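Trainee: I would be grateful for a close look at a single part of this structure, together with what surrounds it. Could you take me through that part step by step, and then place it in the chain as a whole?

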Amino acid sequence: MKLAIIGCGNIVLKEHIPTINTLGIEIVGLCDILEENIIEARKLINYKIPSYSCYQEMLEEVPTDSVLVALPHYMYEDVIKYCSGKKLKIIKEKPFAISINQAKKLKQLAYTNNVELFTVCQKRYTKSYRQLKSVMDENNGKLKQIKIRYTIPSKDPNSNWRGKYSNAGGGVWLDMGYHIVDLLCYIFNVLWRRYRNRR
């Protein structure tokens, strides 16, 4: 896999690039409007890699078959539209969309262009949640009570774009709550159904 990255913020620096490095996936391009994010991303990668401030320019110049997109929620639609038109496999940070209408648009883009579009839900791979699932499976789901404390390690979780509904969309349930819903499905063995060839 050759992977280009659009958006090199906190989640990409702390989660994605370290994981990508362990998988042996080749990162072929970095894109971010902030030079400091590019600098930090380069520190995590042990080989030379081109960087850009414009994702369209990067995807025109860099040969890639996949793209990781990690941006503020309100910026995804145009980027996904462009990437799907390039026939790239798209891995995007959650949420899938910030409204039902946008979700329908993104779904249609994927079908029309015959591309794979994945949404990242990495919390299920956290050791504590995997241990909880193991205990649940061993007891056939017969536990009477589970108490989970879910906190956001941030002094100001509503800072920047997250504090504006028009940019974040959907409130806390669409943002961090996205992980809660995925964790419940994971722990209780509820599978996400894949509907192919449906519009």
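## A loop, the helix before it and its packing

Mentor: Lys-87 has a relative accessible area of 51% and is therefore exposed, since a residue counts as exposed when this value is over 50%. The model is a predicted one, and what follows should be read in that light. Lys-87 sits in the loop between H4 and E5. Its phi is near 65 degrees, a positive value in a residue that is not glycine.

From this loop, let us step back into the helix that precedes it. Helix H4 covers residues 76–85, and Ser-84 is one of its residues. In contrast to the exposed Lys-87, Ser-84 has a relative accessible area of 1% and is therefore buried, the limit for that class being under 20%. What does Ser-84 touch, once its neighbours within four places in sequence are set aside? Its contacts are Ile-90, Leu-109, Asn-113 and Val-115.

Leu-109 and Asn-113 lead to the partner helix, for both are H5 residues in the contact between H4 and H5. In general, two packed helices are described by the angle between their axes and the distance between the axes. Here the axes of H4 and H5 (residues 100–113) come within 9 Å and cross at roughly 10 degrees. The two helices are therefore roughly parallel to each other, because angles under 35 degrees are placed in that class. On the H4 side the contact is formed by Glu-77, Ile-80, Lys-81, Ser-84 and Gly-85, and on the H5 side by Gln-102, Lys-105, Leu-106, Leu-109 and Asn-113. By character, these residues comprise three nonpolar, four polar and three charged. An α-helix has 3.6 residues a turn, so residues three or four places apart point the same way. The H4 positions 77, 80, 81 and 84 can be read with that spacing in mind.

The segments that flank H5 also merit attention. Pro-95 belongs to the loop between strand E5 (89–93) and H5, and the peptide bond that joins Lys-94 to Pro-95 is cis, with omega near 0 degrees. On the other side, Asn-114 lies in the loop between H5 and strand E6 (117–120). Asn-114 is not a glycine, yet its phi is positive, at about 55 degrees. With a relative accessible area of 71%, Asn-114 is exposed. A positive phi in an exposed loop residue thus appears in the loop between H4 and E5, at Lys-87, and again in the loop between H5 and E6, at Asn-114.

How does this part join the interior of the chain? In soluble globular proteins, nonpolar side chains tend to be buried together. The largest nonpolar core has 24 residues, and the members that touch the most others are Ile-6, Met-58, Leu-59 and Val-69. Two or more residues each come from strand E1 (2–6), strand E2 (26–31), helix H3 (55–61), strand E4 (66–69), H4 and H5. H4 makes the largest contribution to this core, four residues. Val-69 shows how that region is connected: beyond its neighbours within four places in sequence, it is in contact with Ile-6, Tyr-76, Val-79, Ile-80, Ile-90, Ile-91, Lys-92 and Glu-93. Ile-80 thus takes part both in the contacts of Val-69 and in the contact between H4 and H5. A second, separate core of 15 residues includes Leu-3, Leu-30, Ala-41 and Ile-49.

For comparison, consider another helix pair. The axes of H6 and H9 come within 9 Å and cross at roughly 35 degrees. Tyr-129, Arg-130, Leu-132, Lys-133 and Met-136 of H6 meet Leu-183, Tyr-186 and Ile-187 of H9. This contact consists of six nonpolar residues, no polar ones and two charged ones, whereas the contact of H4 with H5 includes four polar residues. Tyr-186, in helix H9 (residues 177–187), is buried, with a relative accessible area of 16%.

Finally, the setting as a whole. The protein chain contains nine helices and six strands, and 39% of its 199 residues count as buried. Of the contacts between residues at least 6 apart in sequence, 62% join residues at least 24 apart. The accessible surface amounts to about 12,900 Å², with 52% belonging to carbon and sulfur atoms.

Notes. Residues are numbered from 1 along each chain as its sequence is written. This is a predicted model: local features need pLDDT of at least 70, side-chain atom pairs count only at pLDDT 80 or more; totals for chains, interfaces and linings use all residues. Side-chain values use heavy atoms; hydrogens and water are left out. Axes are lines fitted to C-alpha atoms, for helices over the stretch in contact, and angles run from 0 to 180 degrees between N-to-C directions. Angles under 35 degrees count as roughly parallel, over 145 as roughly antiparallel, 65 to 115 as roughly perpendicular and the rest as oblique. Contact means heavy atoms within 4.5 Å. Ala, Val, Leu, Ile, Met, Phe, Trp, Tyr, Cys and Pro count as nonpolar, Asp, Glu, Lys and Arg as charged, and the others, Gly among them, as polar. Buried means under 20% relative accessible area, exposed over 50%, partly exposed in between (1.4 Å probe, protein chains only). Accessible areas come from the Shrake-Rupley method with a 1.4 Å probe; for residues, only the protein chains shown count as cover. A nonpolar core is a set of buried Ala, Val, Leu, Ile, Met, Phe, Trp, Tyr and Cys residues joined through side-chain atoms within 4.5 Å.
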